[in-house]
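The following paragraphs lead the reader through one protein chain, element by element. Please keep the sequence and the model in view while reading.

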Amino acid sequence: MNNKKQLNSGIGQPLAKSLYNELAFAELQGWLYKTRKKPGFINKLTKSTQEGINSLIPEKVHQVITYAIEKMVKGVLFGTIYITPSPLYAMTLEERENKVRKIIKIYQNTASAEGAITGAGGILFGLADFPAFLTIKMKMLFEIAAAYGHDVKQFEERLYLLYIFKLTFSSQETRNQTLSLLENWQDYISKLPLEVSDFDWRDFQLEYRDYLDLVKLAQLVPIIGAGVGAVANYQLANKLGINAMQCYRLRHFDWEI
């Protein structure tokens, strides 16, 4: 993989060589290697187990989750339900990522508190956790995008957020496909029509729901729900934040395999 000179996201100035940039680039390479792998036996077994669990979940629960995810996807793509922070310019990668780490920590704590509260409230509060947690995670992504200098008012930037989300909360097979798309993002968006309304939110929500089922169902159990909700939301928010950092590093560096 050869690192080449590129213009910094939204800045229009060549990347300055620094130890931090070199370390970040090395971390990106390691993340790509770790993220891109063939679906293993455990992954396939988990997928099969999740499908069995899905058949046992009351239809009402499925409807609530599906509705929440559909509204979130459409809201991100076409709505104004999320505050759109202004992109930050004239900053080094290190300065950007110091800010991003603070953003992730804030939203981790927020997600953890929300998970504890809804987990302590039983199944009704547990159902409310899905849309609330979705909103927290998407707001975090919006702020991370802006910290890297990207204008989230633009449709293609919102679409990028959804693919980061999909990369994080999906099966290994779908993760590999999504990573390939993100690695070739400029080619992908150059082929988009002017108005895109056919994002496959059904596949999106099924992958997300299956990924979270085993963890989040435990949150609906009385007594242990509060602890499970707090820990699960904290860890899931962190996972999404770290993946977002790496995905924006893909666009910060000009590199080729």
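A polar contact is a pair of N or O atoms within 3.5 Å; within protein, one of them must be able to donate a hydrogen and the other to accept it. In this predicted model, the side chains of Gln-172 and Asn-176 are joined by such a contact, at 2.8 Å. Gln-172 belongs to helix H7, which runs over residues 172-183. The side chain of Gln-172 also reaches the backbone oxygen of Thr-35, at 2.9 Å. With a relative accessible area of 3%, Gln-172 is buried.

Thr-35 leads to helix H1, which comprises residues 19-35. This helix has 17 residues and reaches 24 Å from its first C-alpha to its last, close to the 24 Å expected at 1.5 Å a residue. Its buried residues are Tyr-20, Asn-21, Ala-24, Phe-25, Leu-28, Trp-31, Leu-32 and Thr-35. These residues lie on the same side of H1, because they cover an arc of only 135° around the axis. On the face turned away from that buried side, H1 carries the exposed residues Leu-19, Tyr-33 and Lys-34.

Helix H10 (residues 225-252) contains Arg-249, a residue that is buried, with a relative accessible area of 1%. Apart from neighbours within four places in sequence, Arg-249 is in contact with Tyr-20, Ala-24, Glu-27, Leu-28, Glu-97 and Arg-101.

The aromatic residues may be considered next. A pair of aromatic rings is described by the distance of the centres and the angle of the planes. Eight aromatic pairs are found in a search of the whole structure. One of them, formed by Phe-25 and Phe-253, is edge-to-face, with 5.1 Å centre to centre and 75° between the planes. Phe-25 lies in helix H1 and Phe-253 in the loop between H10 and strand E2 (254-256), so the pair ties together parts that are 228 residues apart in sequence. Both Phe-25 and Phe-253 are buried.

Trp-185 and Tyr-188 form a tilted aromatic pair, 5.4 Å centre to centre and with 40° between the planes. Because they are three residues apart in helix H8 (residues 185-190), Trp-185 and Tyr-188 are separated by about one helical turn. Trp-185 is buried, at 3% relative accessible area, whereas Tyr-188 counts as partly exposed, at 25%. Ring pairs link these two residues with Tyr-148, Tyr-160, Tyr-163 and Tyr-248 into a cluster.

Tyr-160 also has a charged partner: the charged end of Arg-251 sits over its ring, 4.5 Å from the centre. Elsewhere, Lys-137 lies over the face of Phe-169, at 4.3 Å from the ring centre.

Definitions and conventions: Residues are numbered from 1 along each chain as its sequence is written. This is a predicted model: local features need pLDDT of at least 70, side-chain atom pairs count only at pLDDT 80 or more; totals for chains, interfaces and linings use all residues. Side-chain values use heavy atoms; hydrogens and water are left out. Helices (H or I, at least four residues) and strands (E, at least two) are DSSP runs, numbered from the N terminus. Buried means under 20% relative accessible area, exposed over 50%, partly exposed in between (1.4 Å probe, protein chains only). The expected span of a helix is 1.5 Å times one less than its number of residues. The arc is that of the directions from the helix axis to the C-beta atoms. Contact means heavy atoms within 4.5 Å. Rings of Phe, Tyr and Trp (its six-membered ring) pair if their centres lie within 6.5 Å; planes under 30 degrees apart count as stacked, over 60 as edge-to-face and the rest as tilted. A charge sits over a ring if NZ of Lys or CZ of Arg is within 6 Å of the ring centre and within 35 degrees of the ring normal.
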